[in-house]
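Biologist: Let's go through this one together, one question at a time. Could you put it up on the screen?

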Amino acid sequence: MPTIIEALQYRYATKKFDANRAATDAQISELKQAVQLSASSFGLQPYRILVVSNPAIKKDLRAAAYDQSQVSDAGHIFIFAAKTSMSAEYIDDFIKMTATQRDIPVDVIEGYGEYIKGSVLSKDEEFIVAWNKRQAYIALGTLLAAAGELKIDTCPMEGFEPAKFDEILGLKEKGLTACVIAPVGFRSEEDNSQHYAKVRYPLGELFL
Ligand SMILES: Cc1cc2nc3c(=O)[nH]c(=O)nc-3n(C[C@H](O)[C@H](O)[C@H](O)COP(=O)(O)O)c2cc1C
């Protein structure tokens, strides 16, 4: 197994995927589990992820992503969609799930639920959507690192039209909006960018 630094050196934003090679079901399942374990504020996970592999849908998505080839060539596209709201019902359900998964009575943690409601529900919609998107980006980071560890390639992408993605995938009616995506597959040998040196600020400049 590579060290975490080797895995992060191996990972790069893949510009050209091998259209003939997709990740296996077992690999996709492992990546889903990694994303599931991502951190989020209060643990609320205010996002959902779609994994699209249908060629016809990928073709439509590519057209809504400025024709970037990764969106049709990669076997799977992870689409991170933020919730467009936050509600008392969602927080209550989260508290019930917490009680079930920790095998404790709900009333032990009801106060925690009220605390979350007190700090979140007073915020306006614009804040909530931006906050939910920030949580989704952490999940994206978890996916990228996990994929690097497994020698599976990814490309984080914001270069797409969220409104069109929402329409193609029926996200609006689910109370979601696409915020960032990651094609997942394997690099093409022809992708020259895999040989480029990483461009990063030196540690002494990055860390103050
Ligand atoms: C949020 C985000 C959005 C990005 N959007 C795109 C994109 O639309 N298309 C693309 O080819 N690369 C995109 N990138 C890749 C970056 O350009 C790349 O990560 C950066 O240049 C560093 O290179 P590396 O990831 O290969 O180390 C995006 C990266 C991030 C984190």
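Biologist: At 48% relative accessibility, does Lys96 count as buried, partly exposed or exposed?

Modeller: First, this is a predicted model, where local features need pLDDT of at least 70 and side-chain atom pairs count only at pLDDT 80 or more, while totals for chains, interfaces and linings use all residues. Residues are numbered from 1 along each chain as its sequence is written, and side-chain values use heavy atoms, leaving out hydrogens and water. Buried means under 20% relative accessible area, exposed means over 50%, and partly exposed is in between (1.4 Å probe, protein chains only). At 48%, Lys96 therefore counts as partly exposed.

Biologist: Which residue does Lys96 meet in a salt bridge?

Modeller: A salt bridge here is a side-chain nitrogen of Lys or Arg within 4 Å of a carboxyl oxygen of Asp or Glu. The partner of Lys96 sits in the same helix, α5 (residues 88–102), 3 residues away, which is about one turn of the helix. The N to O distance is 3.9 Å, and the partner is Asp93.

Biologist: How many helices does the chain have, and how many strands?

Modeller: Helices (H or I, at least four residues) and strands (E, at least two) are DSSP runs, numbered from the N terminus. Reading along the sequence gives the pattern α-α-β-α-α-β-α-α-α-β-α-β-α. The count is 9 helices and 4 strands.

Biologist: What share of the chain's residues count as buried?

Modeller: To picture the whole thing, the C-alpha atoms fill a box of roughly 55 × 40 × 35 Å along the principal axes. The chain has 208 residues, and the share that counts as buried is 41%.

Biologist: How many residues apart in sequence are the parts tied together by Asp153 and Arg187?

Modeller: Asp153 and Arg187 form a salt bridge, with their closest N and O atoms 2.7 Å apart. Asp153 lies in strand β3 (residues 153–154) and Arg187 in the loop between β4 and α9, so the pair ties together parts separated by 34 residues.

Biologist: And is Asp153 buried or exposed?

Modeller: Look at its partner too: Arg187 is buried. Asp153 is also buried.

Biologist: How far apart are the closest N and O atoms of Asp67 and Arg62?

Modeller: Asp67 is partly exposed, with a relative accessible area of 49%. Arg62 is partly exposed as well, at 22%. These two residues form a salt bridge, and the distance is 2.8 Å.

Biologist: How many salt bridges does the structure hold?

Modeller: Besides the pairs, there's a network of salt bridges linking Asp92, Glu114 and Lys117. The total for the structure is 6.

Biologist: Now for the rings: what is the angle between the planes of Phe42 and Tyr115?

Modeller: Rings of Phe, Tyr and Trp (its six-membered ring) pair if their centres lie within 6.5 Å; planes under 30 degrees apart count as stacked, over 60 as edge-to-face and the rest as tilted. The structure holds 4 aromatic pairs. Phe42 and Tyr115 make an edge-to-face pair, 6.1 Å centre to centre, with an angle of 80°.

Biologist: Where does Tyr115 of that pair lie?

Modeller: Phe42 sits in the loop between α2 (25–36) and β1 (47–52), 73 residues from its partner, so to speak a link between distant parts of the chain. Tyr115 itself is exposed, with a relative accessible area of 54%. Its place is helix α6 (residues 106–120).

Biologist: What is the centre to centre distance between Phe42 and Trp131?

Modeller: Trp131 is buried, at 10% relative accessibility, whereas Phe42 is partly exposed at 26%. Their rings form an edge-to-face pair with 65° between the planes, and the centres are separated by 6.4 Å.

Biologist: Which residues come nearest to the ligand?

Modeller: A residue counts as near if one of its heavy atoms lies within 4 Å of the molecule. There are 14 residues around the ligand, and the nearest are Arg11, Ala13, Lys15, Lys198 and Arg200.

Biologist: Which residue offers a polar backbone atom 3.0 Å from a nitrogen atom of the ligand?

Modeller: A polar contact is a pair of N or O atoms within 3.5 Å; within protein, one must be able to donate a hydrogen and the other to accept it, and residues adjacent in sequence count only if both atoms are side-chain atoms. The side chain of Gln68 has an N or O atom 2.9 Å from a ligand nitrogen, and the side chain of Gln70 has one 3.4 Å from a ligand oxygen. The backbone contact belongs to Glu158.
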